[in-house]
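Student: Can we go through this structure together? I'd like to know how each label is earned.

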Amino acid sequence: MAVAALKEYVGVSRDRVENYHGKQLVYVAWDYHMLFAAPFMFCVEPQMKLGDLVRGPLSALMQPDPDAASIDWSKVEWLKLGKPWTPDFERSIEENGIGHKEQLRFRTPGLNTLRDAA
Amino acid sequence: MEMKVAKKKLGLKERYRVMTRDLGWEPSYHTKEALYPYVGYEGIKIHDWEKWEDPFRLTMDAYWKYQAEKERKFYAIVDAHAQNNGHLNLTDARYLSALKIFLQAISPGEYAAHKGFARAGREFPGVGTQVACQMQAIDEIRHAQTQIHALSNYNKYYDGFHAFSDQRDRIWYTSVPRSFFDDAMSAGPFEFMVAIGFSFEYVLTNLLFVPFMSGAAYNGDMATVTFGFSAQSDEARHMTLGLECIKFLLEQDPANVPIVQAWFDKWFWRGFRVLGLVSTMMDYMLPKRVMSWREAWNMYGIENGTALFNDLARYGIRPPKGWDDAEKAIDHMSHQFMLGLYQWSFGTSFHSWIPSDDEMAWLSKKYPTTFDKYYRPRWDHIKKLAAAGTPYKNYGLPKLCQTCQLPTVFTEPEDPTLICHREVEYKGERYHFCSDGCQHIFENEPEKYIQAWLPMPQIHQDPIRGDLGAWMDWVNLKDGQDNGDYVGSNDQRNFDAWRGLATSNE
């Protein structure tokens, strides 16, 4: 539906990729790990190796969760656009087809300590 | 020659006519369309502006007199509060977090409502409507001023009050109510009235005022209580105006009904999201609780809302679209949001804290089906982290909702253990949402919402470029003073010391 307006009404997104000086945004969420109140936002170069993002800044942020130390990244189940997806840690964000403002999710079956605590 | 004029006092009805309806005129050298260019494009049809009823029949001269009287009383009490160190009568300085949020997020909303009603008063052709909007515009700016004055006393003693206007513009959580009002003010005059006059002032106002004003009374804050009393009679008038407005729209033309319904759906959900902040205050921030958010929702949401929907059903209006999803969220939202505020407290100009054992017992009593099952384990773990000397901070900046601008902390309506992910692609660009409600609002007017200034993505753009220290300077947040855990804060130390001086002989 269009915005009701007196003349043609065109908006411009404020979060276009060109505003990030060669970087892009990526969102990552650890499903069922609600100690983290919302998905993490990263601002990274598309040439960055996905594995470097996962083992670097993402793993650092995950530390407060009791499951963080037990993660086996080779057994993690990933979702992209809500569908199962297999990442390649050795390739870049771009080569993995991860676009600007992409939401990645991952699950760690059997490893949901705080969810199962009650 | 001296003219003898008989001083005849006008009757109430006559006086109302002279002071309102008689102020209008028929334009002779401009068309009505040129004078009121914004009254048609939203598709609302009005056949007879004279049918507008002013339930209060208040005239401007009586308005000034009445408000001046109220404000004299208000300032007398606020002065007495300041002179008698009224701030030391608070239950606890943790209460101040609720006030800081109020000043940074809600008082600027009063000012925005002032601008909106001033504009609506200019854009509506009917005299009765113009006068009613003018009075509400003046009410709203008075409310902004009196709130700021009432809370300025606290600024002399406590952190986090000093830069509310910068923070209104720049800090992340204030962008929620700010975008709410900007959305309404950039809509047409009729949508503005349904958004602010009806959905906000009528449907949701009690849910906003009860926690703040009763919360103030329960927690010994006489300054804010006084403001509440002063504003109460205005609020009653605003509620009546909002209801009158929506009935007028619905009675004027059946074609107005679907337009009003769509606005009602939209503004109920937008208002409900703003109330996420309030739920957290009620359940976590008031040291002496008034009632739980769930209890307030039952009383003011369900009971009043159902009566209203029954009343409007005869026009063909049904309950707002997000009503069922709202009900499913009630037992979760305050907990989900407080967990966020705590872990991001390095970026808030107020303090948060881990609930005490007593408070957790209260929460599990008030939320028997959700607190112990979902939220207590998280707080217990956070407590453990704090005890181990590694207090929990989440420096991962959150994903925000493109519509309501809150961090996407909310869960799937059917699964409270899973964050709700919603995504839309529009003109090749991705947009994220916290809920179906916010996604629908975007899809109805995408060109409007793609322009949203989202504070988190903006941190990575010019001029901040991801530098958290530079961001703190820019939002006028003093690290180590205004932000962080209440435990160990200046506010805690000072309040305890001053109260000790006031209540003992040390």
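**Labels and their cut-offs**

Tutor: Let's start with B:Met135, which sits in helix 5 (residues 127–155) of chain B; helices here are DSSP runs of H or I with at least four residues, strands are runs of E with at least two, and both are numbered from the N terminus. Keep in mind that this is a predicted model, where local features need pLDDT of at least 70, side-chain atom pairs count only at pLDDT 80 or more, and totals for chains, interfaces and linings use all residues. Residues are numbered from 1 along each chain as its sequence is written, chains are lettered from A and ligands numbered from 1 in the order in which they are written, and side-chain values use heavy atoms, leaving out hydrogens and water.

Student: Why is B:Met135 called buried?

Tutor: Buried means under 20% relative accessible area, exposed over 50%, and partly exposed in between (1.4 Å probe, protein chains only). B:Met135 has 4%, so it counts as buried.

Student: And which residues is B:Met135 in contact with, leaving aside neighbours within four places in sequence?

Tutor: Those are B:Leu58, B:Thr59, B:Met60, B:Tyr63 and B:Arg237. Contact means heavy atoms within 4.5 Å.

Student: What makes A:Glu95 and A:Arg91 a salt bridge?

Tutor: The rule wants a side-chain nitrogen of Lys or Arg within 4 Å of a carboxyl oxygen of Asp or Glu. For A:Glu95 and A:Arg91 the closest N and O atoms are 4.0 Å apart, so the pair counts.

Student: Why do A:Glu95 and A:Arg91 get separate exposure labels?

Tutor: A:Glu95 has 52% relative accessibility, so it counts as exposed. A:Arg91 has 41%, so it is partly exposed.

Student: How do you know that B:Glu359 and B:Arg289 form a salt bridge?

Tutor: Their side chains meet at 3.6 Å, N to O. B:Glu359 is in helix 14 (residues 357–366) of chain B and B:Arg289 in the loop between helix 10 (256–285) and helix 11 (293–312), so the pair ties together parts 70 residues apart in sequence. B:Glu359, at 9% relative accessibility, counts as buried, and B:Arg289, at 11%, does as well.

Student: What about between the chains: how many salt bridges are there between chain B and chain A?

Tutor: The count is 2. B:Glu429 forms a salt bridge with A:Lys101, with the closest N and O atoms 3.3 Å apart. The contact takes 55 residues from chain B and 47 residues from chain A.
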